[in-house]
Protein chains: 2
Amino acid sequence: MISKQPAETLYIQMKQDIRDNKLPLGTPLKQEQLSNQYGVSRIPIRDVLQRLKNEGWLITSGKRGAMVNPLNATEAEDLYLMRSDLEPLILGYAMTHLNHQIIGKATDILEQLEQPGLTIQTHGELNWQFHGVLYQAANRPTLFNNINNLHQLCSRYIGFQNMELNYQKNSQKEHYQLLNALQKKQLGQAQQILKQHISQAGKNLVAYLNNHM
Amino acid sequence: MISKQPAETLYIQMKQDIRDNKLPLGTPLKQEQLSNQYGVSRIPIRDVLQRLKNEGWLITSGKRGAMVNPLNATEAEDLYLMRSDLEPLILGYAMTHLNHQIIGKATDILEQLEQPGLTIQTHGELNWQFHGVLYQAANRPTLFNNINNLHQLCSRYIGFQNMELNYQKNSQKEHYQLLNALQKKQLGQAQQILKQHISQAGKNLVAYLNNHM
DNA sequence: TTTTTATAAAATGTATACAAAATTTATCAT
DNA sequence: ATGATAAATTTTGTATACATTTTATAAAAA
């Protein structure tokens, strides 16, 4: 899904550069420097900066200038707490609309997740695709957009999560359990699995961050 | 809290104009027209449009142009559902930090809410101040910002809510019940009251919207 | 030395001007 | 007439230029 609009690719690029720590941490970003760095004028830079600020990638440190929002355990905990509440909620609305086609799509993604040699980035994207396919079925744009934004922010922390050796294996197991419950139309069960799935990931991540920062 | 920066007041103004239906519904907003209307160039207009879009006030209808997000029962339901999950959550974190000063502030606001002759707008703002004062104590910026944004979006629907004759009276009663539980350090009780408070408001609103739209 | 004030530099915010894209209108063929 | 194609208009996106604000620097007073 490539956009023709330069600003859209600039947005994606800068977001990735934040994830990859390509942009200075702890000091405000200078519009003109970014302008040179990315080869565009300050106008589209400003657009993207504002967008990233609104989405929580950047923070405005007091008076002036946006800086990269430093990774922080409390933010991570908040993000996962919100997800663990909101994702079971939207799953409830999705349930009745889940058909073979959607379940099939989700299963395909799970299989792709088991391919060896995936980058952490790709793994994260596929993971969200799996969840997203299910949630889209709910047909609840407001709820979905909110959850989607939370996921985007979580992607900054994904690198840490996969440090856990058996994280992926566990995660996959839970994904299949979730699909299973959904196929059996056991909503309560599915929601419980999902909430546990997210909470646990959050707890692991927060523990890791607290130990290593 | 007035900002010296024109764009900030422009942002506030446009948000209010959306609430008050001063901006065309159903048709994409034209940057140049807005530029004339508000007496600034297209640059700050674009900034504000993007911000409002990210916050859910505007939606992009397909290819081009942002238009006012029409009021809709499903969105309202989503907003209140999220709030009814997230606000008890942040209240949990606020609890331990609640001191006399904060409870006092909240009580003051409740008293202001009982003054006769308040406009619906002022009523809505005071109502959020009451909740916000409590939630700020949690010291959870990520969670707070998310909840704050949900509140802002709900403000578009406040006009409808207060149609209910005894809404205010009920709401106030629940506010005092909440404060009471908090003073007694009964967290579970407080969270239950809060969740019920929000859920009920949401249900009333959705029912009203479904009947009148 | 420390603090205050004035000046200079840098950075951001906004306006104007231009380029690219999209939408509309007009023209033509069927 | 109807549909497709092409020109014209509108609208948005971006660059440059300027104004305002903020931050840094230097000079002066305590």
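This report looks at how two chains meet and how some of their helices pack.

The structure is a predicted model, in which local features need pLDDT of at least 70, side-chain atom pairs count only at pLDDT 80 or more, and totals for chains, interfaces and linings use all residues. Residues are numbered from 1 along each chain as its sequence is written, while chains are lettered from A and ligands numbered from 1 in the order in which they are written.

Let's start with the pair. Chain B superposes on chain A by a rotation of 180° with 0.1 Å of shift along the axis, at an RMSD of 0.1 Å (a least-squares fit on C-alpha atoms of residues with pLDDT of at least 70 in both copies). The two copies are thus related as by a two-fold rotation axis.

Now for where they touch. Chain B and chain A put 19 residues each into the contact, where two residues count as in contact if their C-beta atoms, placed from the backbone, lie within 7 Å. On the chain B side, α3, α4 (73–95) and α7 (141–154) each supply at least two residues, and α4(B) gives the most, with nine. Helices here are DSSP runs (H or I, at least four residues), numbered from the N terminus. Since 100% of the interface residues of chain B are also interface residues in chain A, the copies meet through the same surface.

Two helix pairs are worth a look. Axes are lines fitted to C-alpha atoms over the stretch in contact, and angles run from 0 to 180 degrees between N-to-C directions.

| Helix pair | Axis distance | Angle |
|---|---|---|
| α3(A) (42–54) and α3(B) (42–54) | within 10 Å | roughly 25° |
| α2(B) (31–38) and α3(B) | 9 Å | about 110° |

α3(A) and α3(B) are therefore roughly parallel to each other (angles under 35 degrees count as that, and 65 to 115 as roughly perpendicular). Their contact is made by D47, Q50, R51 and N54 of α3(A) and D47, Q50, R51 and N54 of α3(B). By class, these are four polar and four charged residues, with no nonpolar ones. Charged means Asp, Glu, Lys and Arg; nonpolar means Ala, Val, Leu, Ile, Met, Phe, Trp, Tyr, Cys and Pro; the others, Gly among them, are polar.

Within chain B, α2(B) is roughly perpendicular to α3(B). Q31(B), E32(B), L34(B), S35(B) and Y38(B) of α2(B) meet R42(B), I45(B) and R46(B) of α3(B). That contact has three nonpolar, two polar and three charged residues.

Definitions and conventions. Parallel < 35°, antiparallel > 145°, perpendicular 65-115°, else oblique.
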